[in-house]
Amino acid sequence: RQRAILLAADQFYHGTCESDKICAEGRSSEPEAKPCDDSFICDEGTSLENSLKYPCPAGFICGFGTTPDTKLEAPSGQLSHLCDEGRYCNRMISEVGNEVCPRNYICPTGTADPFEGRLANDGLLRMLPSPFSDESIHLHYLHGENFGFYCDHEMKCAASTKPSLKKRFQTSWKLPDETDSILEYLTRQQKPFSISMNEATQLEATCERDKKSHFIQQAINRNDCNCHSKFLILAAIYRLWKCTSINPLDDLGLGEPTVPSMGNGKRDFWYSDSRVHLDRQSATAMDPSMEPFGLNWGEGKVCKFLPSNNKISLTQGRIPHSRDSPIHARGIPSESKGYLEFEDVAETGNVDVRFPIRFTWQSFLVFANYFELKTSAVDEFKRERDAVAAGKRSNIDPFVFDIFKSIQLIEQYGEKLEQFAYLEATNTSSSLSIELSYVDAKNSS
């Protein structure tokens, strides 16, 4: 994903610096190039002034000369190296960007922020299928006389760490019509070309390396995580966004998904097909220059959502509250009426649908629209998270936490959330399932 630069040999020109380099001027008579700084990512054309524009994604290690590539096949790509076990990596909260895990906290591989319990989110960033989509368990040989029962995903993750596979490469031939996002420029040759891939990297590319799904499942089994409630809160706020959004999604940076202090974020280009904006107008309002390079958008606002007797999704089904179901979203009041329809009651000015939700343990609040809820939640979450890090609080309020994380997902993925945030139908009951018949019976009585 770099453009060809055909100028003079051994000369760096202003505005043409390639990825992983900083082109600095003013230090000598000619422009000087140096590797991108540790803990930051450099896109092509990076100057000294904007070399610290894109911090490394939290939970990952970005050494000197890190490029924006999101494929693991890129040896210096931004997602190549997870933060080591026992440490946390987050340039947004640490001057060093790679710190020892604080006392009384646990930092598994890929820890982004121990104070809020955040991991790198490796699988979601690379849009991998759920590790639980194939639950078949097989007997696998490990070593010596040791065998074990593992799913295919677990075995691929384990195999990717074998030293023998890290030394082996496979060469294959591709035709020009076999397009690949990391090999686009080679297809212009209009003839077959070869590619050599490390066998360990091939397995690693299919593996959720921070094991986030595994930790979530363990937390659910221990009753430490009410993930049903988290999903239902996400569905409620997603519907609010679909109906009342008055601003484009945040112009997030190509590394850590935060709005850069200067210029445009370019995330929609480097994380192609990972975000769908509400409509074309809001997508191009975020960054008009990105329209030819990866912007995706939907069909616009929706304020009425279909009821359903056997399904709850981000856009379908009545969201249960505490009075009509033992499985409900914490903090959703009966006044919500399942968030099936929003009505604008504002006579003038911005949209006001009077969205009711429990904001903290101590307060039920009503918000006019998504922007108002987002502003309040971001400010409150930052205040509480900083208090936890300073030892002034023991934890972040769970209601604020769920609301803030829902907003983060919406800003990062938009309508793309509909493709991977949903409840699957199942014939067996477990700790991961919701019994919808109870909701249906209460709703029809």
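**Exercise 1. Which residues touch the most other members of the largest nonpolar core?**

Start with the basis of the work. The model is predicted, so local features need pLDDT of at least 70 and side-chain atom pairs count only at pLDDT 80 or more, while totals for chains, interfaces and linings use all residues. Residues are numbered from 1 along each chain as its sequence is written, and side-chain values use heavy atoms, with hydrogens and water left out.

Step 1. Fix the terms. A nonpolar core is a set of buried Ala, Val, Leu, Ile, Met, Phe, Trp, Tyr and Cys residues joined through side-chain atoms within 4.5 Å. Buried means under 20% relative accessible area, exposed over 50%, and partly exposed in between (1.4 Å probe, protein chains only).

Step 2. Read off the residues. The largest core has 49 residues, and Ile237, Phe355, Leu373, Ile403 and Ile410 touch the most other members.

Step 3. Place the core. Elements giving two or more residues to this core are α1 (122-125), α6 (227-244), β13 (355-360), α9 (370-389) and α10 (398-413). Helices (H or I, at least four residues) and strands (E, at least two) are DSSP runs, numbered from the N terminus. The largest share, 11 residues, comes from α6.

**Exercise 2. Find the buried residues of helix α5 and say how they are arranged.**

Step 1. Helix α5 covers residues 212-221, and its buried residues are Ser213, Ala219 and Ile220.

Step 2. Seen down the axis of α5, these residues fall within an arc of 120° (taken from the directions from the helix axis to the C-beta atoms), so they line one face of the helix.

Step 3. The cover over them includes α6, judged by contact, meaning heavy atoms within 4.5 Å.

**Exercise 3. Compare the settings of two salt bridges, Lys374 with Glu411 and Asp386 with Lys382.**

Step 1. Side chains of opposite charge can pair when their charged atoms come close. A salt bridge is a side-chain nitrogen of Lys or Arg within 4 Å of a carboxyl oxygen of Asp or Glu.

Step 2. In the pair of Lys374 and Glu411, the closest N and O atoms are 3.4 Å apart. This pair links distant parts of the chain, with Lys374 in helix α9 and Glu411 in helix α10, 37 residues apart. Both Lys374 and Glu411 are buried.

Step 3. Asp386 and Lys382 meet at 3.1 Å, N to O. They lie 4 residues apart in helix α9, which means about one helical turn. Asp386 is partly exposed at 34%, and Lys382 is exposed at 53%.
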